[in-house]
Amino acid sequence: MADFDLIVIGAGPGGYVCAIHAAQLGLKVACVEGRETLGGTCLNVGCIPSKALLNATHQLHEVHENFEKMGLMGGAPKVDWKKMQAYKQDVVNGNTKGIEFLFKKNKVTWLKGWASIPEAGKVKVGDEVHGAKNIVIATGSEAASLPGVEVDEEVIVTSTGALALGKIPKSVVVIGAGVIGLEMGSVYKRLGAEVTVVEYLDAITPGMDGEVAKSFQKILTKQGFKFILGAAVQKAEKGKGGATVTYKLRKDDSEHTLEAEVVLVATGRKPFTDGLGLAELGVELEKRGQVKIDGHWATNVKGIYAIGDAVVGPMLAHKAEDEGMAVAEVIAGKHGHVNYGVIPGVIYTTPEVASVGQTEEQLKAEGRAYKVGKFPFMGNARAKAVFQAEGFVKLLADKETDRVLGCHIIGPGAGDLIHEICVAMEFGASAQDVALTCHAHPTYSEAVREAALACGDGAIHA
Ligand code: NAI
């Protein structure tokens, strides 16, 4: 029953970052979270646990594929699934506890429970109503449902169930060749499962630069993934020992079925705003259910803001974090800003895939004059030394001004390499600026420099 300058609803990456930053700026802040632990979907059942499983299974893959080549003999280790799950949980716990510590350090009050907004300026948690000069809705998203597919989180699962299966399945059908499907598909593929991905479109990873998507599909196919593209899933039904997925091929409308021990539904996510009372408050929503905001993350109701997966834009933790920081600044009377043109996207498979800025398809559609600088990791000594020479860096720059417009990387460390280009783009750099920057040898980052050189007089090692 306290009064706060700001109450943030939701302690995911958007909400907790917003709360901490607002406290740093001198506001009296509370953050409402109904889960037992802080961190939201990302830390509890998303980005972080999946990275732990991706790490463990990547190591296993290395043992199988590369150890003998390096003279490391002795065969593959036995997988203890329970222990791997415990390791995953330890990673999660360490991170969620870390946020609890940061809340204490920054004097952010954690209001435990599920919030509703009975009226502007008030937040109800359990039986208590708190005063809030400002409210930020940071309630995130939930898995979108698919007609004809009933999730039980054991046999037919979303990413949440896929992270905590009781045992390693022999076969998995993944519905949707997006980020979740390919990351979790990689985990189970490396653990020995047969993985078949059924995708509605004719390419994997919609929105990604076409050339990268093609190369990515080839590499995953080599790793043993099976892809059925142009296929609309009609239903998934639980049966003895698994489930049956029925899909229709779009080219001829023919119907087919697939059996698997586990079916992962990874067909996108939708904003989660249940129980807040937004309709009663008159908060306007977009057609697809996101909270409608202006350029300062303000809703149409004074004093109520929204960020992250609950609003339009890519459903990415780091986009939510940036919005959290920016809206905290706005509420504190400063000038929060997010550059939506420079938000990187990363897929944490092996190899990693990362991109920022425009794709070649987007530039073509805009009729923009551009040039392409490409460099294969095959020409990068470090990548070859670690058996990760597949993939390439593709840099797109304006044909006239040489200004960097986008970058798409498939290869080792792509998720870290991309940030060099994010910084370059923030500073309005040209491809030549990147090319003239000294890059340490031998590093993967040399491939980025070579791609920049390829936008000019040419790469050296290609
Ligand atoms: P997504 O939007 O990335 O991919 C969903 C895929 O399902 C699309 O390719 C779509 O064409 C396909 N699809 C839809 N309906 C279908 C049907 N009936 N039959 C066959 N295919 C169908 O969604 P995803 O992978 O579920 O991820 C959700 C969100 O979480 C995304 O916004 C993603 O960016 C985010 N995320 C990000 C991660 C990262 O940054 N590494 C990791 C995991 C999730």
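**Entry 1: H1 against H9**

I started with helix H1 (residues 13-24) and helix H9 (residues 317-331), whose axes lie 7 Å apart and pack at an angle of about 30°. An angle under 35 degrees counts as roughly parallel, so I noted H1 as roughly parallel to H9. The model I am looking at is a predicted one. I also looked up the handedness, and H1 and H9 make a right-handed crossing.

Next I listed who makes the contact. From H1 I wrote down Pro 13, Gly 14, Val 17, Cys 18, His 21 and Ala 22. H9 brings Ala 317, Ala 320, Glu 321, Gly 324, Met 325, Val 327, Ala 328 and Glu 329. Sorted by class, the contact of H1 with H9 holds nine nonpolar, three polar and two charged residues.

**Entry 2: Val 17**

I picked one residue of helix H1, Val 17, for a closer look. Is Val 17 buried or exposed? Its relative accessible area is 12%, and since buried means under 20%, Val 17 is buried. Leaving out residues up to four places away in sequence, I found Val 17 touching Gly 12, Glu 321 and Met 325. Glu 321 and Met 325 are also on the H9 side of the helix contact. I checked one distance too: Val 17 and Gly 313 are 296 residues apart in sequence, and their C-alpha atoms are 18 Å apart in space.

**Entry 3: the annotated domain**

I turned to the record. An unreviewed UniProt entry lists residues 4-324 as "domain: FAD/NAD(P)-binding". In the model, I read 33% helix and 26% strand over residues 4-324. The C-alpha atoms at the two ends of that stretch are 17 Å apart.

**Entry 4: two of the "binding site" residues**

The same kind of look-up gave me a "binding site" annotation, again from an unreviewed UniProt entry, covering Lys 51, Thr 139, Gly 140, Ser 141, Asp 309, Met 315, Leu 316, Ala 317 and His 318. I took Lys 51 and Gly 140 from that list.

Lys 51 sits in helix H3 (residues 47-67). With a relative accessible area of 25%, Lys 51 falls between the 20% and 50% cut-offs, so I logged Lys 51 as partly exposed. Beyond residues up to four places away in sequence, Lys 51 touches Glu 183 and Tyr 348.

Where is Gly 140? I found Gly 140 in the loop between strand S6 (128-137) and strand S7 (141-143). Gly 140 counts as buried, at 18% relative accessibility. With the same sequence neighbours left out, Gly 140 touches Pro 271, Phe 272, Asp 309 and Ala 310. Asp 309 is itself one of the residues in the "binding site" annotation.

**Entry 5: H3 against H6**

Lys 51 led me on to the packing of its helix. The axes of H3 and helix H6 (residues 179-190) come within 9 Å and cross at roughly 40°. This crossing of H3 and H6 is left-handed. On the H3 side, I noted Ser 50, Lys 51, Leu 53, Leu 54, Thr 57, His 58, Leu 60 and His 61. On the H6 side, I noted Glu 183, Met 184, Ser 186, Val 187 and Arg 190. Which classes make up the contact of H3 with H6? I got five nonpolar, five polar and three charged residues.

**Entry 6: H14 and Phe 375**

Further along the chain, I looked at helix H14 (residues 445-454), which is mostly covered, with seven of its 10 residues buried. The buried ones are Ser 445, Glu 446, Ala 447, Val 448, Glu 450, Ala 451 and Ala 452. Their cover includes strand S20 (370-376), strand S21 (392-398), strand S22 (404-411), helix H12 (414-426) and helix H13 (431-435).

From strand S20 I chose Phe 375. Phe 375 is buried, with a relative accessible area of 1%. Among the residues it touches are Ala 447, Glu 450 and Ala 451, which are buried residues of H14. Phe 375 also touches Asn 380, Phe 392, Val 393, Ala 459, His 461 and Ala 462. From Phe 375 to Lys 364 I read 11 residues in sequence and 21 Å in space, C-alpha to C-alpha.

**Entry 7: His 441**

My last look-up was the "active site" annotation, for which an unreviewed UniProt entry lists His 441. His 441 is placed in the loop between H13 and H14. Buried or exposed? At a relative accessible area of 61%, His 441 is exposed.

Methods: Residues numbered from 1 in each chain as written. Predicted model: local features only at pLDDT ≥ 70, side-chain atom pairs only at ≥ 80, totals over all residues. Heavy atoms only, no water. UniProt positions renumbered as here; feature names shortened; annotations may be inferred. Helix = DSSP H or I, 4+ residues; strand = E, 2+ residues; numbered from the N terminus. Buried < 20%, exposed > 50% of the residue type's maximum accessible area, 1.4 Å probe, protein only. Contact = heavy atoms within 4.5 Å. Axes fitted to C-alpha atoms, helices over the stretch in contact; angles between N-to-C directions. Parallel < 35°, antiparallel > 145°, perpendicular 65-115°, else oblique. Left-handed = near helix turned anticlockwise from the far one by under 90°. Nonpolar A, V, L, I, M, F, W, Y, C, P; charged D, E, K, R; others polar.
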